[in-house]
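Work through the exercises below with the model open. Try each task before reading its solution.

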Amino acid sequence: MKSFFVLWAAVLLAIMDISAQKVERIPLYADNDEAEMFVYLPEKESALHSAILICPGGGYGGLAIDNEGYNMAEWYSSKGMVAAVLKYRLPHGDYTIPLSDAEKGMQLLKENAGKWHIDPSRIGVAGSSAGGHLAASLSTLGKDSCRPAFAILYYPVISFEDGVTHQGSKKNLLGSGINNKELVERFTLQNQVDAKTPPTLIMVSDDDSLVPPENSILYYQALHAKKIPASLYVFPNGEHGWGTTERFLYKNEVKELIYLWLVHNKFLQN
C-alpha cells in the first residue's frame, strides 16, 4: 500500500510539473502566420536566464518539430533556460527565407529580454540536421546583431559539397541555384567560420548514413583552426534523427554533456 501512495505521489508531481510549464506563441511577422515561435519559460524567474533558439530539422522540406523542437524545449526549460522553438518557413528554393526567420527569432528574444528575464549576452541557438545547418548559418552568415552567443548542433548538415552534403537539404534550400558555385560556397559553412562564430558543441553518430559525420568533423576543424572553443562528440551508433527519442542509447549522456558544456562555458548557471 505504501508503494502505491509513493507511485501516485510521483504521478501527481509529474502532472503538476507539466501544468507549470508556461508556453507563449509569438508570430514572427504581423502579416504572416506561417512563421512563429513557441517560447517555453522556466518555472522560476528569480534571476536572468540564458536562452536558446531551437531550429528543428526536416531537410528544409518539413519540420521535425516534436522530436527536434518541443521536446528539446521542455528539457532546456527544465534546466532554467528560456527555450524558443522556431517554426521557420520552408524555403522552396528561396535560400533567404530560413535565415531571415532565424534572425527574426533572435531579434524577438533580445527585444523581449526584459519581459522573459533573459540575459541578452547568453542567447544561443540549437539545431538538428537541416536545422543544424540553419543554426550554423546564423552562427556564420547572420547579421552581427543576430549572432548567437553559443551553438549546439545535433548531427548537422554543414557542407553543400557533393559527396558530403545531404542532397535533399541542398536542393530544397537552393532550388534552381543548386549548381550555382557561389551559392554552394556560401552555404558550405565550414568555409564561412570567422572570428564572430560562437563557441559550438557538436554531436553526431558514427553510423549516420543520411548526413555523413564528415559534416560535423569539417565544422569542428574550421572552428578549431580559428581558435573558437568547440567540442565534438561522436557516438558509436544511433544513425540519424535521434533528437530526444527514447530509442537513442546515449540519450542520457547527451543531456549530461550539453548541461556540463553550458555550465563550463558559463552559458548556464550550475
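**Exercise 1: helix H9**

Task: find which residues of H9 are buried, and what they pack against.

Solution. Val-254, Leu-257, Ile-258, Tyr-259, Trp-261 and Leu-262 of H9 are buried (under 20% relative accessible area; exposed is over 50%, partly exposed in between; 1.4 Å probe, protein chains only). The model is predicted: local features need pLDDT of at least 70, side-chain atom pairs count only at pLDDT 80 or more, and totals for chains, interfaces and linings use all residues. Residues are numbered from 1 along each chain as its sequence is written, and side-chain values use heavy atoms, leaving out hydrogens and water. Next, look at the partners. The buried residues of H9 pack against helix H2 (66–78) and strands S6 (151–154), S7 (200–205) and S8 (230–235) (contact: heavy atoms within 4.5 Å). Helices (H or I, at least four residues) and strands (E, at least two) are DSSP runs, numbered from the N terminus.

**Exercise 2: a salt bridge**

Task: locate the partner of Glu-24 and say why the pair ties together separate parts.

Solution. Glu-24 forms a salt bridge with Lys-115 (a side-chain nitrogen of Lys or Arg within 4 Å of a carboxyl oxygen of Asp or Glu). Their closest N and O atoms are 3.1 Å apart. Glu-24 lies in strand S1 (residues 22–29) and Lys-115 in helix H4 (residues 113–116), so the pair ties together parts 91 residues apart in sequence. Now check exposure. Glu-24 is partly exposed, at 24% relative accessibility. Lys-115 is also partly exposed, at 49%.

**Exercise 3: another pair**

Task: are Arg-89 and Asp-101 buried or exposed?

Solution. Arg-89 forms a salt bridge with Asp-101, with the closest N and O atoms 2.8 Å apart. Both residues are buried.
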